[in-house]
Each structure stands twice: as C-alpha cells, then as structure tokens.
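Here's a short set of exercises to work through with the model open in your viewer. Try each task before you read the solution.

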Amino acid sequence: MPPPTVLIIGCGIAGPVLAILLKRKGYHPIVFEKVQALGDAGASLMLMPNGMKVLNLITPTPTILETHTPPTILWHGTASGHTLGKSPIPRTYKERYSQPAMGIKRTALNLHLKQTLLDNNIPLYEGYNLHDIQEHPSTNTVTAYFTNGESLSGSFLIGCDGIKSSTRNILLAKTGVKEGPPTFTGLMQIAGLSKRSESLRERGVSGMCNWYGAGAHVIAYPVSSTGDVSWAVTLSGRETEETWRAVSGGEELERRKGLLREKLAGFEDGVREMVEGAQRIISYGLFDRAEMRAEQWFSGRCVLVGDAAHPTSPHLGQGANQAFEDCYHLSRLLPDLTAEGADWPAVEAGLEGIFREFAELRQPRTAALVKEARHIGEQRVVLGGPELCRERDARIVAAWSDQEAVAEGLDRLYREPF
Ligand SMILES: Cc1cc2nc3c(=O)[nH]c(=O)nc-3n(C[C@H](O)[C@H](O)[C@H](O)COP(=O)(O)OP(=O)(O)OC[C@H]3O[C@@H](n4cnc5c(N)ncnc54)[C@H](O)[C@@H]3O)c2cc1C
C-alpha cells in the first residue's frame with residue numbers, strides 16, 4: 001500500500017519540520033507555500049532550548065551553532081543602562097535542557113529548513129496559495145484548492161500557514177464561525193540588524209538584553225558568531241504600521257532612524273549607536289488572536305499547527321518554539337507506519353482521535369503563553385509617566401532578585417517537549 005499523502009500548507013517553520021518528521025515515519029508529505037520563492041523574511045528569532053531540541057531532531061544543532069553565538073547572560077536594565085536584573089543562567093541551558101538558546105535571522109532559518117526539506121526529497125510547491133478545502137468521507141480523502149487553479153488530494157491536511165492562516169479560516173467557516181483579521185495589540189516594533197556597539201561590549205553585555213524606558217522597550221541579542229546583533233524597539237503604535245517592508249537606504253531609512261532618535265533620547269549611548277548602525281530597518285505592528293477551543297483546531301481530516309492554531313505576539317519569544325513543540329507532539333502521536341505490522345487503514349480510522357488528543361494536549365499551554373506574551377508587552381511599554389515606570393522597574397528588580405524562581409520559571413518553558 002502506498003504511504004498516505006499528507007498535504008502540508010505553509011513552508012515557514014512548522015511546515016518543513018513536520019514534513020521531515022512525518023516522512024521518517026512512513027508518510028508522504030507534500031508542502032505548499034503561497035510565496036513564489038521563499039527569500040527575505042524580515043526580523044530574527046530567539047530559539048529557546050525547547051525549540052532547539054526539536055530542531056536538533058531534524059538537523060543537528062551543533063552544525064548551526066558553528067556560525068551562531070548562544071547568549072551567555074540575560075540582562076534587564078533601565079534606558080540609561082542601570083542594571084535591574086541579570087542572570088548567567090543561559091550558560092547552563094545545555095546542561096539543564098540539553099540545548100542552548102540561539103538567536104538566528106529568520107531568513108536564514110527559513111532557508112535552512114527549506115533546504116533540509118528538499119534534501120529529504122520532500123516535494124515543495126511554491127506559489128500555491130490555499131483558498132479552499134473539501135473533505136470527502138466516501139473516499140477517505142481531503143482536497144486542497146489553490147488560487148492558481150491547481151488542486152491536490154491526500155489522506156489528511158495540516159495547516160501550518162501562520163497567523164493569517166487560510167486553513168484556520170476555512171475550518172472555522174465550515175462550522176459557521178466567520179473570523180476577522182488578527183487582533184492588533186496596540187504595539188508596534190521597529191527592528192534592525194547591527195554590529196554590537198563597542199560601548200555595550202565594554203560594559204560586558206554580551207547576552208540577551210532588555211532596556212525599559214518610558215513608552216519604549218528595546219531588546220537585543222546576538223544572531224551570529226561575528227558580532228551581528230538583532231534589535232527591536234517596541235512602541236505603542238497604529239494598526240496600519242504592519243508593513244514588514246524593509247528599508248535599506250535613502251530618505252525612508254533616515255526617517256525611521258529619526259523617529260527612533262526621538263523615542264530613544266534617554267537611552268544609553270550603546271543602544272543609540274546600535275540603532276544608528278543599522279543598514280536596514282523594518283517596522284511592523286504586533287498582532288495575536290483570541291484563543292480557539294481545542295475542538296476548533298481540527299476536523300475529520302485537517303488539523304492546525306503553530307501560529308495557525310495559536311498566533312502570538314513576540315514578547316515571550318515562544319511563538320516559533322511552540323510551533324516546534326506542536327510538530328514534536330503531532331508527529332509523536334501519529335503512528336510510525338514503518339513499524340512492523342503498521343496498518344494505515346487502522347490508523348486512519350482513529351485519525352480524528354489523534355488530532356483531538358493533540359489539540360487537547362497543546363491548547364491549554366499555548367493559550368496561556370499567548371496571554372502571557374500580551375501581558376509582558378503591556379508591562380514593557382509603559383505610557384503613564386515616571387511613577388508607573390518606577391513601579392515596573394521595581395517589579396523587574398523583584399522578579400530577578402530570586403534566581404531560583406527565575407530558574408523555575410524557565411524550567412516551565414524549556415523542560416518541554418521532552
Ligand atoms: C517580530 C516577531 C518576532 C518574533 N520573535 C520570536 C522569537 O524570538 N522566538 C519565537 O519562538 N517566536 C518568535 N516570533 C513568532 C514566530 O515568528 C512564529 O510563531 C512562527 O514563525 C510560527 O511558525 P509557523 O510555521 O506556524 O508560521 P510561519 O512561520 O508564519 O509560516 C507560515 C507559512 O505559511 C505560508 N502561508 C500563509 N498562508 C498560506 C496559504 N494560504 N497557502 C500556502 N501557504 C501559506 C506563509 O507564507 C509562511 O511561509 C516572532 C514573531 C514576530 C512577528
């Protein structure tokens with residue numbers, strides 16, 4: 001019997017990872033990506049140990065780490081550079097969780113995953129934008145329809161198509177729920193890539209750094225082993241600022257730097273140098289969505305994974321890491337068809353039950369993290385004057401003065417998914 005075809009929608013993070021894990025278990029995945037040719041994908045990501053563990057299953061992380069520098073400290077401080085909290089705990093991640101954290105440019109990660117997908121001889125159809133899904137109980141198949149007029153059938157479909165997921169939209173519409181666009185969180189980011197400035201290096205800040213100002217928050221972390229630092233300034237903003245358009249020169253770059261100069265007036269020199277040094281800047285609004293119930297994550301032959309199921313704002317740095325966790329659990333729950341006596345018709349009869357188990361396992365954790373990320377964002381960008389800033393700073397001092405509690409908080413995230 002030929003292996004069951006799995007239609008995977010989206011070649012961001014979850015799509016290729018899941019495709020590779022499922023191919024190893026005897027499935028025949030095909031990945032569809034709406035973008036014609038994957039390329040420049042904007043900002044950077046911090047992969048935490050929980051995500052790195054899953055990445056390591058498909059591509060050994062030591063090879064990627066050769067060109068990346070794991071952060072060595074977590075540092076939190078005021079805009080002017082006064083330390084509020086500091087921990088060397090990232091140095092212990094490998095020992096505690098088997099993997100370090102790693103900052104990486106999103107484009108580099110996406111292209112790496114795409115290449116690994118192709119190296120595993122998994123078909124990738126680019127320029128395929130999903131617009132409809134039909135499930136056919138009589139033939140045990142599901143058909144995906146694309147805006148280019150093409151369609152393809154398979155045994156089941158996994159929606160890995162991100163925050164604006166068409167799969168999610170289509171599944172919800174079939175249950176009578178009409179969903180609008182993602183929810184704007186009221187915050188925006190302006191982000192860039194620079195060389196670590198000398199003054200920050202001198203101060204010994206070589207890790208993941210957070211500066212908290214009045215109405216502005218800055219995060220920076222290394223994304224290469226050659227001193228490249230990814231930074232993002234979070235501000236309150238308007239919904240229309242979700243352009244994701246990178247600006248790498250000319251008047252628009254200067255305009256964005258001018259805005260940042262104004263917003264970062266009270267920040268220490270190293271931060272302002274870092275921003276001034278960027279050759280390329282992007283700005284975008286920050287969005288999430290209200291949680292869905294576990295039973296809305298799947299239908300008979302379709303299931304949602306990653307941002308398609310639980311889109312989040314980035315303040316906790318867990319969106320991609322949770323997408324990795326989803327991939328691990330869904331592939332773990334789907335039986336290994338290469339095992340002795342494995343029988344697809346028997347597996348197929350219980351497919352919806354597998355999706356249910358997956359959704360019920362993952363929904364509570366991801367829903368809580370989406371809420372936590374939104375809350376962290378609101379706490380970071382304080383708009384109400386110096387007293388509120390002082391209260392926020394005092395909370396940070398209190399939170400980081402108990403290193404055991406810090407470690408326990410991180411355990412909750414990074415001890416998963418195995
Ligand atoms: C600024 C920012 C910073 C972030 N930083 C971090 C971080 O440090 N750590 C972290 O863990 N997470 C971070 N995240 C979150 C993280 O980016 C997402 O959670 C993660 O990319 C989700 O992976 P995914 O595979 O589910 O979706 P995506 O990576 O969004 O991939 C979805 C793919 O589906 C494709 N697609 C969409 N619609 C269709 C369609 N109709 N048909 C076919 N293909 C389609 C898209 O083109 C895309 O390639 C950040 C997010 C933002 C916005």
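Being 4 residues apart in helix α4 (residues 93–97), tyrosine 93 and tyrosine 97 are separated by about one helical turn. Helices here are DSSP runs of H or I with at least four residues, strands are E runs of at least two, and both are numbered from the N terminus. Before you start, note that this is a predicted model: local features need pLDDT of at least 70, side-chain atom pairs count only at pLDDT 80 or more, and totals for chains, interfaces and linings use all residues. Residues are numbered from 1 along each chain as its sequence is written, and side-chain values use heavy atoms, with hydrogens and water left out.

**Exercise 1. Classify the ring pair of tyrosine 93 and tyrosine 97, and decide whether each residue is buried or exposed.**

Step 1: get the rule straight. Rings of Phe, Tyr and Trp (its six-membered ring) pair if their centres lie within 6.5 Å; planes under 30 degrees apart are stacked, over 60 edge-to-face, and the rest tilted. By this rule the count comes to 16 aromatic pairs.

Step 2: apply it. The centres of tyrosine 93 and tyrosine 97 are 5.7 Å apart and the planes sit at 50°, so this pair is tilted.

Step 3: check accessibility. Buried means under 20% relative accessible area, exposed over 50%, and partly exposed in between (1.4 Å probe, protein chains only). Tyrosine 93 comes out at 2%, which is buried, and tyrosine 97 at 3% is buried too.

Step 4: look further afield. Tyr27, Phe156, Trp344 and Phe355 form one aromatic cluster.

**Exercise 2. Work out which strands β4 pairs with, and in which sense.**

Step 1: two strands pair if DSSP finds at least two bridges between them.

Step 2: take β5 (residues 83–87). β4 pairs with β5 in the antiparallel sense over 4 bridges, and glycine 77 stands opposite threonine 83 in β5.

Step 3: follow the chain between them. β4 and β5 form a hairpin with 4 residues in between, and glycine 81 in the turn has a positive phi of about 100°.

Step 4: now β13 (residues 208–212). Here the pairing with β4 is parallel, over 5 bridges, and leucine 74 has methionine 208 in β13 as its bridge partner.

Step 5: ask how enclosed β4 (residues 74–78) is. 5 of its 5 residues are buried, so the strand is largely enclosed by the rest of the structure.

**Exercise 3. Compare what lines the two cavities.**

Step 1: define the thing. On a 1 Å grid over the protein atoms alone, a cavity is a set of points where a 1.4 Å probe fits but cannot get out, and lining residues have an atom within 4 Å of a point. Grid points are joined across faces, edges and corners, and the volume is the space filled by probe spheres set on the points.

Step 2: count and size. There are 2 cavities of 30 Å³ or more; the largest holds about 80 Å³ and the second largest about 60 Å³.

Step 3: find the walls. The largest cavity has 13 lining residues, with Glu291, Met292, Ala309, His310 and Ala367 nearest its centre. Helix α12 (residues 351–380) gives the largest share of that lining, 4 residues. For the second largest cavity, α12 again supplies the largest share, 4 residues, while α10 (319–333) and α12 each supply at least two. His310 is one of the residues lining that second cavity.

Step 4: sort by class. Ala, Val, Leu, Ile, Met, Phe, Trp, Tyr, Cys and Pro count as nonpolar, Asp, Glu, Lys and Arg as charged, and the others, Gly among them, as polar. The largest cavity's lining has 7 nonpolar, 3 polar and 3 charged residues; the second largest has 4 nonpolar, 7 polar and no charged.

**Exercise 4. Track down the backbone oddities at serine 98, asparagine 140 and proline 417.**

Step 1: serine 98 isn't a glycine, yet its phi is positive, about 80°. Serine 98 sits in the loop between α4 and β6 (102–105) and is partly exposed at 39%.

Step 2: asparagine 140, also not a glycine, has a positive phi of about 55°. Asparagine 140 lies in the loop between β8 (130–136) and β9 (141–146) and is partly exposed at 35%.

Step 3: the peptide bond from glutamate 416 to proline 417 is cis, with omega near -10°. Proline 417 is in the segment after α14 (403–414).

Note on methods. 1 Å grid on protein atoms, 1.4 Å probe; cavity = no way out; pocket = protein on both sides within 12 Å on 5 of 7 lines; lining within 4 Å.
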